[in-house]
Amino acid sequence: PRRVRIPHLMELKERGERWAMLTAYEQYAAEIFDRAGIPVLLVGDSASNNVYGNATSLPVTVDELIPLARAVVRSARRALVVADLPFGSYQASPEQAFLTSARFMKEAGAHAVKLEGGRPVLPAIAKLVESGVPVMGHLGFTPQSEHALGGYRVQGRESDAAKRLVEDALAVQDAGAFAVVLEMVPAAVAQEVTATLRVPTIGIGAGPHCDAQVLVWQDFAGLRTGPMPRFVKQYANLASVLDEAAQAFARDVVEGTFPGDEHSF
Ligand code: KIV
Ligand code: NA
C-alpha cells in the first residue's frame with residue numbers, strides 16, 4: 001500500500017471527505033489500525049496515562065515516547081505516523097522544538113510531529129516547517145496546560161474566546177502547520193475554524209463538522225474502564241474480553257484442563 005502523505009490529507013479536505021485518526025503506541029494496535037485503513041496514527045503523549053500509568057500527560061518524557069514511536073513506524077505500512085512532542089520538550093525555544101523533533105524523526109522515523117498551543121509556539125512551528133518537519137497543531141483544551149486551564153473544560157465558549165480560537169487556528173496554519181487538532185471546543189466554533197482553514201481540522205470533543213476525528217485507542221476500544229469523557233464513543237469492550245480470557249485461563253490452570261494433549265510435546 002502507498003504511504004499516506006500530507007498532500008493526500010489536503011486533497012481529502014478539498015473533496016470534503018472525512019477521515020479518522022487513532023492513537024497507537026505499539027505493534028499490534030498499529031498493525032490492526034493501519035490494515036483497517038486509518039490514514040494517520042498519533043503516538044500521543046497520552047501514552048503517559050494510557051501506557052506508563054501516570055495520572056496525566058505531563059510526566060512522560062521524550063526518551064519514553066521514542067521507542068513507542070519507533071514501534072508504530074515499524075508496524076504501520078500505510079499510515080502517516082505523527083509523534084506528539086511531550087510537555088517541556090519544545091516550549092523553551094524553536095531550537096529546542098527542532099532538536100526534539102529531529103530525535104523523533106531520526107531515532108523513531110516519525111513522519112511528522114504534533115505540539116500544543118497557539119501564539120506562543122508560532123516561532124517553533126515556523127522553525128520546524130522551514131527545517132523540513134511537518135507539524136500538526138493542537139488548540140482548544142490542551143492537556144499539557146491542564147493546570148493553567150483549571151482542569152478539563154470546554155474552551156472557546158465565550159465569544160471573545162471563540163474569536164481568539166479562530167485567530168489562533170489561522171496563525172498556526174499560516175506558520176505552516178498541515179493540520180490542527182481541536183479538543184473540547186463547541187461544535188459551532190469548530191465548524192467556523194474548519195470552514196476558515198485550508199488545512200484539515202481533527203476534532204476530539206469538537207462536534208461533527210471537523211474534517212477528521214481522533215480518539216485515544218484504549219478509550220474507543222474500551223480497554224480503559226471507568227468514567228469516560230462525553231466525547232468518547234466505545235466501539236468495543238476489550239477490557240471485559242481480556243478479563244474473561246484471564247479468568248478462563250486461570251480457571252483452566254487451577255482445574256488442570258490447560259494445557260491439554262494438543263498443547264503438549
Ligand atoms: O495525546 C493524544 O492522544 C492527543 C490526542 C487526543 C489528540 O493529543
Ligand atoms: Na497529546
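This briefing covers the sodium site, the surroundings of ligand 1, strand β1 and its partners, and residue Glu-192. The model is predicted. In it, Asp-45 and Asp-84 are the protein donors of the sodium ion (ligand 2), and both residues also belong to the surroundings of ligand 1. The protein buries 95% of the area that ligand 1 exposes when taken alone.

**Sodium ion (ligand 2)**

- The sodium ion has two aspartates as protein donors, Asp-45 and Asp-84, each through an OD atom and lying 2.3 Å from the ion.
- Asp-45 sits in the loop between β2 (40-43) and α3 (47-50), while Asp-84 is in strand β3 (residues 80-84), so the pair ties together parts that are 39 residues apart in sequence.
- Asp-45 and Asp-84 are buried.

**Ligand 1**

- The residues around ligand 1 are Thr-23, Leu-42, Gly-44, Asp-45, Ser-46, Asp-84, Lys-114, His-138, Val-181, Ile-204, Val-214 and Val-216.
- By class, this shell holds five nonpolar, four polar and three charged residues.
- The side chain of Ser-46 has an N or O atom 2.5 Å from an oxygen atom of ligand 1.
- For Lys-114, a polar side-chain atom is 2.9 Å from an oxygen atom of the ligand.
- For Asp-84, an N or O atom of the side chain is 3.1 Å from an oxygen atom of ligand 1; Asp-84 is also a donor of the sodium ion.
- On its own, ligand 1 exposes 260 Å², and the protein buries 95% of this area.

**Strand β1 and its partners**

- Strand β1 spans residues 19-23, and four of its five residues are buried, which leaves the strand mostly covered.
- β1 runs parallel to strand β8 (residues 212-215), and four bridges join the two.
- Within this pairing, Leu-22 stands opposite Leu-215 of β8.
- β1 also runs parallel to β2, to which three bridges join it.
- Met-21 has Val-40 in β2 as its bridge partner.
- Thr-23, which is among the residues around ligand 1, falls within the range of β1, residues 19-23.

**Glu-192**

- Glu-192 is located in helix α9, which covers residues 187-196.
- Its relative accessibility is 44%, so Glu-192 counts as partly exposed.
- Glu-192 and Gly-37 are 155 residues apart along the chain, and their C-alpha atoms are separated by 28 Å.

How values were computed. Residues are numbered from 1 along each chain as its sequence is written. Chains are lettered from A and ligands numbered from 1 in the order in which they are written. This is a predicted model: local features need pLDDT of at least 70, side-chain atom pairs count only at pLDDT 80 or more; totals for chains, interfaces and linings use all residues. Side-chain values use heavy atoms; hydrogens and water are left out. Donors are N, O and S atoms within 2.8 Å of the metal (3.2 Å for Na, K and Ca); water is not among the atoms, so sites may look incomplete. Buried means under 20% relative accessible area, exposed over 50%, partly exposed in between (1.4 Å probe, protein chains only). A residue is near a molecule or strand if one of its heavy atoms lies within 4 Å of it. A polar contact is a pair of N or O atoms within 3.5 Å; within protein, one must be able to donate a hydrogen and the other to accept it, and residues adjacent in sequence count only if both atoms are side-chain atoms. Accessible areas come from the Shrake-Rupley method with a 1.4 Å probe; for residues, only the protein chains shown count as cover. Ala, Val, Leu, Ile, Met, Phe, Trp, Tyr, Cys and Pro count as nonpolar, Asp, Glu, Lys and Arg as charged, and the others, Gly among them, as polar. Two strands pair if DSSP finds at least two bridges between them.
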